[in-house]
Amino acid sequence: MSALDSVLIQCPYCWETLDISVDPSVPEQEYVEDCQVCCRPILLHVVFDDNLTPQVEARAENE
């Protein structure tokens, strides 16, 4: 089982920087996680490249 990777994102609502954990065992994933500050839902799209480097897009859920 792979360890989780830590990634910094910016909340699309309150603009706070958040530290989230992503799972490198799933090459492409999309899920909703609530902001740790303002509690609004953030849609996260995570893709890992060939070097297992995560690329994370954080959007407001209603976009």
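**View 1. Accessible surface and burial of the chain.** In this predicted model, the chain has an accessible surface of about 4,200 Å². Carbon and sulfur atoms contribute 47% of that surface. Of the 63 residues in the chain, 27% are buried.

**View 2. Overall dimensions of the chain.** Taken along the principal axes, the box filled by the C-alpha atoms is roughly 30 × 20 × 15 Å. The radius of gyration is 12 Å, which agrees with the value near 11 Å for a compact globule because that value is the one set by a length of 63 residues. Among the contacts with a separation of 6 or more, 29% are between residues 24 or more positions apart.

**View 3. Strands of the chain.** Five strands and zero helices are found in the chain. Read from the N terminus, the order of elements is β-β-β-β-β.

**View 4. Hairpin of β1 and β2.** Strand β1 covers residues 5-10 and runs antiparallel to β2, to which six bridges join it. I9 has L18 of β2 as its bridge partner. Between the two strands of the hairpin lie six residues. W15 in this hairpin takes a positive phi near 70 degrees.

**View 5. The two faces of strand β2.** Which side chains of β2 are buried, and which are not? L18, I20 and V22 are buried and point to one face of the strand, which spans residues 17-22. T17, D19 and S21 point to the other face and are not buried. In a regular strand, side chains alternate between the two faces of the sheet. L18, on the buried face, is also the bridge partner of I9.

Notes:
Residues numbered from 1 in each chain as written. Predicted model: local features only at pLDDT ≥ 70, side-chain atom pairs only at ≥ 80, totals over all residues. Heavy atoms only, no water. Buried < 20%, exposed > 50% of the residue type's maximum accessible area, 1.4 Å probe, protein only. Helix = DSSP H or I, 4+ residues; strand = E, 2+ residues; numbered from the N terminus. Pairing = 2+ DSSP bridges. Rg over C-alpha atoms; globule rule 2.2 N^0.38 Å. Contact = heavy atoms within 4.5 Å. Areas by Shrake-Rupley, 256 points an atom, 1.4 Å probe, with all protein chains shown as cover.
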